[in-house]
Amino acid sequence: MHPHLARTALVASAVTATLVAGGTTVQAAGETYDHTATATVFAPNPVQQLGDQTLTDQKDADYPALAGAYRSVTLTNLDGSGTLTGPYVVVKSKTGTPARAVNGVFPAWHRDADQFEQVMGYHWVNTAQAYLQSLGFGSTLRPVNQRQIELRIDQYGGDNSFFRDDKANITLGKGGVDDAEDAEVIVHEYGHSVQDGQVPGFGTNLESGSIGEAFGDYLAVAVTSWATGTPTRTPEACVADWDSVSYTSRTPHCLRRLDGTKVYPQDMRGEVHADGEIWSRALWDIRTALGDRRASTLIIEAQFAFAPDTSFRDAALATVDAAQRLYGASAASATSSAFAARGIL
Ligand SMILES: [Ca+2]
Ligand SMILES: [Ca+2]
Ligand SMILES: [Ca+2]
Ligand SMILES: [Zn+2]
């Protein structure tokens, strides 16, 4: 399913203390993460997989129209304890029984079981890190966010998920469609963690915060397209096709899109998600011009140079600079044009 996934046996240097889950010691420093287990997931979400805009939450029911969206995958980088613990993510659930593998097999839970969201969270964070490594981050380029993120599946009341940069953890809520049932929501949140890993405390004002939301959306699409292939059965620029069925009435259902028409500064509204659509369209145009691999590499490499409170303009200049450095003048020109089309340069 994922031929790009490197089955590495990494030592988690970030794990210096013994971690405890449910009262059981599961991982100590210096151990290797070279175990695998089979599990069942959505890849990336039922609406996109089935091309069906009529699907609804139905109170977390596992109904027949969803049957074709379940996929068997191999989870990699596990510590062998049977829990969802790896070098890049450890899952802590506040709802239901923790998922346990027996002899390398997680039961084929469906969406009506809490363990399904736990498996989804592990799989998609681990896949997002595999994507970054496939671009060369951690080998030919600097490592990006190679730390263990704590992923909490929570009965959080609102339909929202968030990243807490002080604790390197992500909480995925259960409002509407459970957030962890949509890989694009999981990877969006991981995008915040990536940016914080590159620039601690990134996103302290409106423009930098908007870049954070935009990058999360971009990464969500890049990772899910890399892992599940294109063309997609919903518009590729559509983010969170499944989670958004709970709060959007128009079709196609999208939390946000990467291919909007907003320009700077007249379309700024003072809200990071809305204003992020200006930045994400520029990223989308860079990807269209240069292809996923080169676009994502230069976009992520550039982010190391962003100030925590960067402006759109300074971040765009850093991105053009990264394009020039990595791929030369024509790539820099295409990158510059993408930002110019948005009124940023
Ligand atoms: Ca569920
Ligand atoms: Ca939700
Ligand atoms: Ca999508
Ligand atoms: Zn966000």
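**Entry 1: contacts and overall make-up**

I began with how far apart in sequence the contacting residues lie, and found that residues 24 or more positions apart account for 65% of the contacts in the protein with a separation of 6 or more. I note here that this is a predicted model, and I read every value below with that in mind. Counting secondary structure, I found eight helices and 10 strands in the protein. I then looked up burial, and of the 345 residues in the protein, 50% are buried.

**Entry 2: the core**

Which residues touch the most other members of the largest nonpolar core? I found Val119, Val125 and Ile186 in that place, within a core of 92 residues. The element that gives the most to this core is helix α4 (residues 206-228), with 11 residues. I followed valine 119 further and, leaving aside its neighbours within four places in sequence, listed its contacts as Ala39, Val41, Leu84, Ala99, Phe106 and Trp109.

**Entry 3: α2 against α3**

I next looked at helix α3 (residues 183-198), whose axis comes within 9 Å of the axis of α2, the two crossing at roughly 55 degrees. That angle makes α2 oblique to α3, and I recorded the crossing as right-handed. On the α2 side I found Met120, Gly121, Trp124, Val125 and Ala128, which meet Ala183, Ile186, Val187 and Tyr190 of α3. By class, this contact divides into eight nonpolar residues, one polar and no charged. I noticed that Val125 and Ile186 appear in this contact and that both were also among the core residues listed above for touching the most other members.

**Entry 4: tyrosine 131**

Staying with helix α2 (residues 114-134), I looked up tyrosine 131, which is found in it. Is this residue buried or exposed? Tyrosine 131 has 23 other C-beta atoms within 10 Å, and because 20 or more is the cut-off for burial, I entered it as buried. Leaving aside its neighbours within four places in sequence, I found tyrosine 131 in contact with Ala222, Val223 and Trp226. I also took the separation of its C-alpha atom from that of leucine 219, which is 9.6 Å, although the two residues are 88 apart along the chain.

**Entry 5: α5 and its two partners**

I then turned to helix α5 (residues 272-290), which packs against helix α6 (residues 292-303) at an angle of about 135 degrees, with the axes 7 Å apart. That makes α5 oblique to α6, and the crossing is right-handed. The α5 side of the contact is made by Leu283, Ile286, Arg287 and Leu290, and the α6 side by Asp292, Arg294, Ala295 and Ile299. I sorted these residues into five nonpolar, no polar and three charged.

What of the second partner, helix α8 (residues 329-341)? The axes of α5 and α8 come within 8 Å and cross at roughly 150 degrees, and this crossing is right-handed. I listed Ala282, Asp285, Ile286, Ala289 and Leu290 from α5, set against Ala331, Ala334, Thr335, Ala338, Phe339 and Ala341 from α8. The classes here are nine nonpolar, one polar and one charged. Ile286 and Leu290 are in the contact with α8 as well as in the contact with α6.

**Entry 6: the loop between α1 and β4**

I looked up two residues in this loop. Aspartate 52 lies between α1 (46-50) and β4 (70-78), and counts as partly exposed, with 16 C-beta neighbours inside 10 Å. Leaving aside its neighbours within four places in sequence, aspartate 52 is in contact with Val47 and Ala65, while its C-alpha atom is 9.7 Å from that of leucine 66, 14 residues apart along the chain. Lysine 59 lies in this loop too, and with 6 C-beta neighbours inside 10 Å I entered it as exposed. The phi of lysine 59 is near 55 degrees, a positive value in a residue other than glycine.

**Entry 7: further backbone notes**

Asparagine 145, in the loop between α2 and β6 (149-153), has a positive phi near 55 degrees. With 22 C-beta neighbours inside 10 Å, asparagine 145 counts as buried.

Where are the cis prolines that I noted? Proline 252 lies in the loop between β9 (238-239) and β10 (256-257), and the peptide bond leading to it from threonine 251 is cis, with omega near -5 degrees. Proline 265 is in the loop between β10 and α5, and the bond from tyrosine 264 to proline 265 is cis, with omega near 0 degrees.

Conventions
Residues are numbered from 1 along each chain as its sequence is written. Chains are lettered from A and ligands numbered from 1 in the order in which they are written. This is a predicted model: local features need pLDDT of at least 70, side-chain atom pairs count only at pLDDT 80 or more; totals for chains, interfaces and linings use all residues. Axes are lines fitted to C-alpha atoms, for helices over the stretch in contact, and angles run from 0 to 180 degrees between N-to-C directions. Helices (H or I, at least four residues) and strands (E, at least two) are DSSP runs, numbered from the N terminus. Angles under 35 degrees count as roughly parallel, over 145 as roughly antiparallel, 65 to 115 as roughly perpendicular and the rest as oblique. A crossing is left-handed if the near helix is turned anticlockwise from the far one by less than a right angle, and right-handed if clockwise. Two residues are in contact if their C-beta atoms, placed from the backbone, lie within 7 Å. Ala, Val, Leu, Ile, Met, Phe, Trp, Tyr, Cys and Pro count as nonpolar, Asp, Glu, Lys and Arg as charged, and the others, Gly among them, as polar. A residue is buried if 20 or more other C-beta atoms lie within 10 Å of its own, exposed if 12 or fewer, and partly exposed in between; C-beta atoms are placed from the backbone. A nonpolar core is a set of buried Ala, Val, Leu, Ile, Met, Phe, Trp, Tyr and Cys residues joined through C-beta atoms within 7 Å.
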